[in-house]
Amino acid sequence: MKTDKLKWGILGCAGIAKRAVIPGLKLSELNEVAAIASRSLDNAKKTAEELHIETAYGSYEELLADPSIDVVYIPLPNHLHREWTIRAAEAGKHILCEKPLALTAKEAAEMAEAAAKAGVLLSEAFMYRYHPRYDMIKKLIDAGEIGEVRGIRSAFTFNNAGHKENVRYRKEWGGGSIYDVGCYPINAARLLLGKEPEAVTVQALFSPEHDHVDMMASGLVEFEGSVSLTFDCGMWAAFRNPLEVLGSDGTIEVPSAFVTGEPGSGNFFVSAKGERREVEVPHVNAYTAQADHLAQAIKGGTQLQFGGSDAVRNMKVIDACLESAHERKRVLL
């Protein structure tokens with residue numbers, strides 16, 4: 001394996017990039033942020049200065065043309081993911097693209113195909129799954145610690161409804177809570193069960209005040225063996241992000257399933273055999289772990305655990321959830 005750091009370019013100055021992904025990259029021993037681009041050169045320069053990034057570009061095209069850039073991170077609004085992922089692949093850059101990867105499974109498949117054709121790696125930015133506790137939880141499930149899995153419950157909600165200019169509230173841009181946070185419980189259930197769903201049923205609150213996007217949604221995602229995920233997601237509700245795996249003989253409770261910013265926030269609880277115990281998990285920056293895993297795969301040290309094909313499968317479930325919510329019906333996958 002090469003020991004030199006991979007050089008990353010950031011397409012856009014989105015909040016998630018500035019407050020989470022770029023700081024995570026700066027903690028990495030395998031990666032470094034070399035450039036950032038915006039459609040406004042002044043904005044790119046300002047962000048570069050704030051975050052101590054060497055190079056600023058006034059267009060995404062300029063960054064993609066930079067031969068020194070190895071990996072591109074795309075935190076752009078959802079409707080721009082397909083275009084700029086494909087353009088990055090064609091420029092020979094490996095790609096970490098924000099979730100949801102695309103607006104539809106068809107778009108995601110086109111993106112995965114473009115990356116494969118160009119010989120670059122494409123990964124969807126679900127940072128939570130690189131936190132060590134999910135491997136720990138899966139091992140406990142597989143070892144039968146809580147018996148047979150009977151179901152999973154999860155939620156991801158927050159309240160940002162007052163900021164009506166936010167891109168999350170632009171329907172044509174891929175706004176809505178299912179795209180933004182509902183994708184997390186769906187992805188986690190697929191990860192923990194190691195299976196793909198068979199059907200979904202979703203009810204949603206569509207808000208005329210927010211361009212008719214789904215501001216809240218509740219759903220049932222059916223897997224084989226009569227096991228289901230029940231979830232809710234929202235952008236007009238109190239903040240929470242729990243996950244619970246219910247077994248025939250016990251439970252695994254994850255109070256903060258997707259957000260692990262503080263020490264101790266990654267801990268979870270196992271209730272089995274008449275006792276409840278807290279499992280302490282090392283404090284890990286999930287964004288750093290995500291970037292390091294991609295870097296190791298690029299350098300040839302490991303296989304990429306979650307590539308484009310996984311993102312396509314996740315998008316198929318999201319497609320079905322949106323169809324169910326709009327048409328008020330159960331949708332088979």
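Reader: So helices are DSSP runs of H or I, at least four residues, and strands are E runs of at least two, numbered from the N terminus. How many helices and strands are in the chain?

Author: The chain has nine helices and 16 strands. It's a predicted model, where local features need pLDDT of at least 70 and side-chain atom pairs 80 or more, while totals for chains, interfaces and linings use all residues. Residues are numbered from 1 along each chain as written, and side-chain values use heavy atoms, without hydrogens or water.

Reader: Ok. What does the C-alpha trace span along its principal axes?

Author: Roughly 55 × 45 × 35 Å. As for contacts (heavy atoms within 4.5 Å), take those between residues at least 6 apart in sequence: 67% of them join residues at least 24 apart.

Reader: And how much of the chain is buried?

Author: Buried residues are 57% of the 333. Buried is under 20% relative accessible area, exposed is over 50%, partly exposed in between, with a 1.4 Å probe and protein chains only.

Reader: Switching to pockets. How much space lies in the largest pocket?

Author: The largest pocket holds about 1,200 Å³. Of its 43 lining residues, G15, I16, R19, R168 and Y287 are the closest to the centre. A pocket is an open set of points on a 1 Å grid with protein on both sides within 12 Å along at least five of seven lines, and lining means an atom within 4 Å of a point. Points join across faces, edges and corners, and volume is the space of probe spheres set on them.

Reader: Which elements give two or more residues to that lining?

Author: Those are α1 (15-26), β7 (149-159), α7 (177-193) and α8 (286-299). Helix α1 gives the most, with five residues.

Reader: Since you mention α8, what about Q290? Is Q290 buried or exposed?

Author: Q290 sits in α8 and counts as buried because its relative accessible area is 2%.

Reader: Which residues is Q290 in contact with?

Author: Setting aside neighbours within four places in sequence, Q290 touches L96, E124, A125, F126, M127 and Y130.

Reader: Which residues of α4 are buried?

Author: In α4 (residues 81-90) they are H81, W84, T85, I86, A88 and A89.

Reader: And what do they pack against?

Author: Helices and strands both: α3 (60-65) and α5 (105-118), plus β1 (6-11), β4 (71-74), β5 (94-97) and β6 (122-124). After α4 comes G92, with a positive phi near 85°.

Reader: Now backbone oddities. Where is there a cis peptide bond?

Author: K99 and P100 are joined by one, with omega about -15°. P100 is in the loop between β5 and α5.

Reader: Why flag things like that?

Author: Because most peptide bonds are trans, and most residues other than glycine have a negative phi.

Reader: Which loop residues have a positive phi, then?

Author: H52 is one, at about 60° though not a glycine. H52 lies in the loop between α2 (41-51) and β3 (55-57). S226 is another non-glycine, with phi near 60°, in the loop between β9 (213-223) and β10 (227-234).

Reader: Are those two buried or exposed?

Author: H52 is exposed, with a relative accessible area of 68%. S226 is exposed as well, at 72%.

Reader: What happens just after α9?

Author: R328 follows α9 with a positive phi of about 55°.

Conventions: 1 Å grid on protein atoms, 1.4 Å probe; cavity = no way out; pocket = protein on both sides within 12 Å on 5 of 7 lines; lining within 4 Å.
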